Amino acid sequence: MSENERAASRTAVLVCQGRAVADGRSAVGRFADPVAVRLLRAEERTRVDEVRAGTPPQGWQARTAYESVRACAEVVGPRTVAIDEALRARPTGQLVILGAGLDTRAWRLPELAGTDVWEVDHPASQRDKRARLGEAEPVAVARSVRFTPVDFAVDDLGAALDAAGHDPAAPTTWLWEGVVPYLTRDQVRATLTDLTARTAPGSTLVVNYQTPSPKATVGRLLARVLGNSATAGEPWLSLWKPEQMAALLTEYGLHITSDDGLLTLARSFGIQVRSRTSLDSGRVAVAERR
């Protein structure tokens, strides 16, 4: 494995596997992601095929990886539906995806046909994604896709978006999915400072975050101890109670219009779940700049 591949996010691959499992099965009629499986390597697709077939592999390491993909599919199903519907309800001409990973919305949501999409992510993760896109060759449905490499530890988000042509005076939809738990509280605040400095009235922030959950924390620790490479080296660094997230966003001039737990969302979408732990702690909030 090359140095770039080692630096690329493995959590992004797990989430992509989860969407590939959920494709056509989770919230049928409201969610489909046929692009996800095309971005996966052959060995990554093997786990997806096993989970979709309900055939767990032999051996504890393989079984741990299988269960991680299965559990991830349960989480990303309702999470993705909620975010997709929030994007459809609040169309703008600019969508900025922070920590884009292997996100596929620019290739699968026809509602983005009139939208310019900026995919912001760590340079190594973005190189990995662009290589996968080059192999899969999906056709983008968004008006444009602008890859914007940013290392949040050292780079200036605003300067990077300026260089990539983002217009801070125009309304923007900001998507912050699957990132907040991996940032410290100071890093979350720093990102919000950069983000809100270029958030015009009429803009929307859709943010996915995790609340404190001893069960979820222990489960992630156990998976890492048992050799789950997808989350090794990518621990959770900040967890937020809903009232803390509301206070934080209000401090930065954003008004929360909804904040729902994934378990509640799953039930409202008619999605059957086996494990409640991750769904209990995950949330999707929508906030607006008025």
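Before we start, one cut-off: a residue is buried under 20% relative accessible area, exposed over 50%, and partly exposed in between. Keep in mind that the model you're looking at is predicted.

**Exercise 1. Sort Glu137, Asp151 and Ala27 into buried, partly exposed or exposed.**

Step 1. Start with Glu137, in the loop between α6 and β3. Its relative accessibility is 61%, so Glu137 counts as exposed.

Step 2. Now Asp151, which sits in the loop between β3 and α7 (157–163). With a relative accessible area of 22%, Asp151 is partly exposed. Leaving out residues up to four places away in sequence, Asp151 touches His122 and Pro123.

Step 3. Last comes Ala27, in the loop between α2 and α3. At 8% relative accessibility, Ala27 counts as buried.

Step 4. Take a look at the backbone too. Ala27 has a positive phi of about 50° although it isn't a glycine. Glu137 is another non-glycine residue with a positive phi, near 55°.

**Exercise 2. Work out the strand order of the sheet, and find which strands stand at its edges.**

Step 1. Begin with β1 (residues 94–98). On one side, β1 pairs with β2 (residues 116–121) in the parallel sense, over five bridges. In that pairing, Val96 stands opposite Trp118 of β2.

Step 2. β1 also runs parallel to β4 (residues 173–176), and four bridges join the two. Here Leu98 is the residue opposite Trp176 of β4.

Step 3. Jump to β6 and β7 (residues 282–288), which pair in the antiparallel sense over six bridges.

Step 4. Put the strands together and you get an open sheet of seven, in the order β3-β2-β1-β4-β5-β7-β6, with mixed pairing. β3 (144–149) and β6 (255–261) are the edge strands: each has a single partner, so one side of each is left without a neighbour in the sheet. From one strand to the next, the twist averages 15°.

**Exercise 3. Decide whether the two faces of β1 are covered or open.**

Step 1. Count along the strand: five of the five residues of β1 are buried.

Step 2. Split them by side. Gln94, Val96 and Leu98 point one way, Leu95 and Ile97 the other, and all are buried, so both faces are covered.

Step 3. Look for a helix there. α4 (residues 60–89) lies across β1, β4, β5 (204–210) and β7, running at about 170° to β5.

**Exercise 4. Place Val284 in the fold and list what it touches.**

Step 1. Val284 belongs to strand β7, and its 4% relative accessibility makes it buried.

Step 2. Find the residue across from it: Asp260 stands opposite Val284. These two are 24 residues apart along the chain, yet their C-alpha atoms are separated by 5.5 Å.

Step 3. Setting aside neighbours within four places in sequence, the contacts of Val284 are Arg79, Ile83, Val206, Val207, Asn208, Ser258, Asp259, Asp260 and Leu262.

**Exercise 5. Find which residues touch the most other members of the largest nonpolar core, and which element supplies its largest share.**

Step 1. This core has 50 residues, and Leu39, Leu95, Val117, Val206 and Phe269 touch the most other members.

Step 2. Among the elements that each supply at least two residues are α2, α3, β1 and β7. The largest share, eleven residues, comes from α4.

Step 3. Zoom in on Val206. Not counting residues up to four places away in sequence, Val206 touches Ile83, Ala86, Leu87, Trp174, Leu175, Trp176, Val284, Ala285 and Val286.

Step 4. Apart from this core lies another, of 28 residues, including Trp118, Trp174, Val179 and Trp240.

**Exercise 6. Describe how α2 packs on α3.**

Step 1. Two packed helices are described by the angle between their axes and the distance between the axes.

Step 2. For α2 (residues 10–22) and α3 (residues 42–53), the angle is about 35° and the axes are 9 Å apart. The crossing is right-handed.

Step 3. From α2, the contact uses Arg10, Val13, Gln17, Ala20 and Val21; from α3 come Glu44, Arg47, Val48, Val51 and Arg52. By type, these residues divide into five nonpolar, one polar and four charged.

Notes
Residues numbered from 1 in each chain as written. Predicted model: local features only at pLDDT ≥ 70, side-chain atom pairs only at ≥ 80, totals over all residues. Heavy atoms only, no water. Buried < 20%, exposed > 50% of the residue type's maximum accessible area, 1.4 Å probe, protein only. Pairing = 2+ DSSP bridges. Axes fitted to C-alpha atoms, helices over the stretch in contact; angles between N-to-C directions. Contact = heavy atoms within 4.5 Å. Left-handed = near helix turned anticlockwise from the far one by under 90°. Nonpolar A, V, L, I, M, F, W, Y, C, P; charged D, E, K, R; others polar. Core = buried A, V, L, I, M, F, W, Y, C linked by side-chain atoms within 4.5 Å.
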